[in-house]
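Open the model in your viewer and keep the sequence panel in sight. The stops below say what to select and what is there.

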Amino acid sequence: MNLDKPSQENLKYILEQLGEKLGVANRILLDEKDYDLNRYDDLKFLYDHVVKSGSLSPQETHAFIDELRTVRKA
């Protein structure tokens with residue numbers, strides 16, 4: 001899968017993967033309908049960081065979830 005090109009399918013995949021890697025219990029936070037494709041690069045940056053990091057501390061996980069909240073549509 002080529003995640004370099006913004007698309008709804010890629011957005012959905014990235015959000016699903018972030019939810020899994022961050023251990024997000026409330027997946028409503030990661031509904032792709034709540035994210036603008038114009039912010040895809042921001043989400044891709046977060047995704048790349050989480051994937052490269054492997055595991056995150058609880059503080060890092062909270063920081064990433066907070067960042068996801070700022071990227072969501074208002």
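**Stop 1: a salt bridge between distant segments**

Select R72, which counts as partly exposed at 27% relative accessibility (buried means under 20% relative accessible area, exposed over 50%, partly exposed in between, with a 1.4 Å probe and protein chains only). The model is a predicted one, in which local features need pLDDT of at least 70 and side-chain atom pairs count only at pLDDT 80 or more, while totals for chains, interfaces and linings use all residues. Residues are numbered from 1 along each chain as its sequence is written, and side-chain values use heavy atoms, with hydrogens and water left out.

Now add D34, the salt-bridge partner of R72; the closest N and O atoms are 2.7 Å apart. A salt bridge here is a side-chain nitrogen of Lys or Arg within 4 Å of a carboxyl oxygen of Asp or Glu. D34 is partly exposed, with a relative accessible area of 24%. D34 lies in the loop between α1 and α2, and R72 in the segment after α3 (58-71), so the pair ties together parts that are 38 residues apart in sequence. Helices are DSSP runs (H or I, at least four residues), numbered from the N terminus.

**Stop 2: Y35**

Move to Y35, in the loop between α1 (8-22) and α2 (40-53). Is Y35 buried or exposed? Y35 counts as buried, at 1% relative accessibility. Show its surroundings: leaving out residues up to four places away in sequence, Y35 touches L11, L15, L29, L30, L43, L68, V71, R72 and K73. A contact means heavy atoms within 4.5 Å. R72 from the previous stop is thus among the residues that Y35 touches.

Next, display the backbone of L29. Its oxygen lies 2.7 Å from a polar atom of the side chain of Y35. To check distances, draw a C-alpha to C-alpha line from Y35 to K21: the two are 14 residues apart in sequence and 19 Å apart in space.

**Stop 3: α1 against α2**

Two packed helices are described by the angle between their axes and the distance between the axes. Select α1 and α2, whose axes come within 10 Å and cross at roughly 40 degrees. Axes are lines fitted to C-alpha atoms, for helices over the stretch in contact, and angles run from 0 to 180 degrees between N-to-C directions.

Which residues of α1 and α2 meet? On the α1 side they are N10, L11, Y13, I14, L15, Q17, L18, K21 and L22, and on the α2 side Y40, L43, K44, L46, Y47, V50 and V51. The residues of this contact divide into 12 nonpolar, 2 polar and 2 charged.

**Stop 4: K44 and its partners**

Stay in helix α2 and select K44. K44 is buried, with a relative accessible area of 14%. Not counting residues up to four places away in sequence, K44 touches L3, D4 and I14. K44 also forms a salt bridge with D48, where the closest N and O atoms are 2.9 Å apart. Being 4 residues apart in helix α2, K44 and D48 are separated by about one helical turn. D48 counts as partly exposed, at 24% relative accessibility. Add D4 to the selection to see a network of salt bridges that links D4, K44 and D48.

**Stop 5: R39 and D42**

Finish with R39 and D42, a salt bridge whose closest N and O atoms are 2.6 Å apart. R39 is partly exposed, with a relative accessible area of 31%, and D42 counts as partly exposed at 33% relative accessibility. The count of salt bridges comes to 5.

Definitions and conventions:
Helices (H or I, at least four residues) and strands (E, at least two) are DSSP runs, numbered from the N terminus. A polar contact is a pair of N or O atoms within 3.5 Å; within protein, one must be able to donate a hydrogen and the other to accept it, and residues adjacent in sequence count only if both atoms are side-chain atoms. Ala, Val, Leu, Ile, Met, Phe, Trp, Tyr, Cys and Pro count as nonpolar, Asp, Glu, Lys and Arg as charged, and the others, Gly among them, as polar.
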